[in-house]
Amino acid sequence: MNTVLQESVDAVSAGTQTLKRELFLMERPATSDENGTEKDTLDVLARRVMRLEFEVAGLMSTYLSLSYQYPAGQTSQVLDDLWGVFVALDDMYRTINGAQQESSTSMAIHPAQVKQLQLVWVKLNKKTRQASKQLAEVRLLSHAKRYAIH
């Protein structure tokens with residue numbers, strides 16, 4: 001079962017790396033032709049962040065149910081790290097929504113908002129790596145045999 005959980009964390013990590021690429025592409029100055037696509041970029045970014053939030057929430061609920069059914073050692077650190085990932089994603093989503101509202105009036109994303117998104121991404125990446133590392137170290141026990149689930 002740890003393998004399934006690890007694959008879910010790896011999927012969140014891959015999504016995080018996709019966000020990085022898009023965020024750092026937003027940093028370059030937009031031409032007048034790209035103003036319309038800037039709003040589209042924010043829409044796509046918001047949808048990706050929401051999808052990652054759903055994946056993290058599902059991962060947390062799966063892990064929470066397994067860790068209470070089959071505990072073995074300290075499991076709360078993984079939940080803390082996953083919660084940190086979720087909070088960073090939520091912060092990113094709120095920033096994107098603010099940028100969308102402002103870009104609808106000014107047709108341009110302020111560089112400070114892009115920088116703030118990049119800083120949140122750094123925190124998100126760190127928390128995702130911590131969760132992956134903690135999950136690799138935690139062992140859950142099978143219910144019937146009390147052997148570690150791999």
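## Salt bridges, a ring pair and the core

Let's start at Asp-90, which is partly exposed at a relative accessible area of 29%. Here, buried means under 20% relative accessible area, exposed means over 50%, and partly exposed is in between, using a 1.4 Å probe and protein chains only. Keep in mind that this is a predicted model, where local features need pLDDT of at least 70, side-chain atom pairs count only at pLDDT 80 or more, and totals for chains, interfaces and linings use all residues. Residues are numbered from 1 along each chain as its sequence is written, and side-chain values use heavy atoms, with hydrogens and water left out.

Asp-90 belongs to a salt-bridge network with Asp-91 and Arg-94. A salt bridge here is a side-chain nitrogen of Lys or Arg within 4 Å of a carboxyl oxygen of Asp or Glu. Searching the whole structure turns up three of them:

| Pair | Closest N and O atoms |
|---|---|
| Glu-22 and Arg-48 | 1.9 Å |
| Asp-90 and Arg-94 | 3.4 Å |
| Arg-94 and Asp-91 | 3.9 Å |

Within the network, Arg-94 is exposed at 51%, while Asp-91 is buried at 19%. Asp-90 and Arg-94 sit four residues apart in helix H3, about one turn of the helix. Glu-22 is in helix H1 and Arg-48 in helix H2, so this pair ties together parts that are 26 residues apart in sequence. Glu-22 is buried at 14% relative accessibility, whereas Arg-48 is partly exposed at 27%.

Now the overall layout. The protein chain has four helices and two strands, running α-α-α-α-β-β from the N terminus on. Both kinds are DSSP runs numbered from the N terminus: helices are H or I with at least four residues, strands are E with at least two. Of the chain's 150 residues, 38% count as buried.

Aromatics are quickly covered, with one pair in the whole structure. Trp-83 and Phe-86 have ring centres 5.6 Å apart and planes at 20°, so they are stacked. The rings of Phe, Tyr and Trp (its six-membered ring) pair if their centres lie within 6.5 Å; planes under 30 degrees apart count as stacked, over 60 as edge-to-face and the rest as tilted. Trp-83 is partly exposed at 48%, and so is Phe-86 at 22%.

What about the interior? The largest nonpolar core has 33 residues, and Leu-19, Leu-89, Met-92, Ile-96 and Leu-124 have the most contacts inside it. Helices H1, H2, H3 and H4 each give two or more residues to this core, with H2 supplying the largest share, ten residues. Such a core is a set of buried Ala, Val, Leu, Ile, Met, Phe, Trp, Tyr and Cys residues joined through side-chain atoms within 4.5 Å. Leaving out residues up to four places away in sequence, Ile-96 touches Leu-42, Leu-45, Ala-46, Val-49 and Leu-117; contact means heavy atoms within 4.5 Å.

Finally, H4. Its 27 residues should span 39 Å at 1.5 Å a residue, and its end C-alpha atoms are 39 Å apart, which agrees. The expected span is 1.5 Å times one less than the number of residues. Thr-128, in H4, is buried at 3%. Not counting neighbours within four places in sequence, Thr-128 is in contact with Val-9, Val-12, Ser-13, Thr-16 and Val-85. Lys-127, also in H4, is partly exposed at 25%. With the same neighbours left aside, Lys-127 is in contact with Asp-81, Gly-84 and Val-85.
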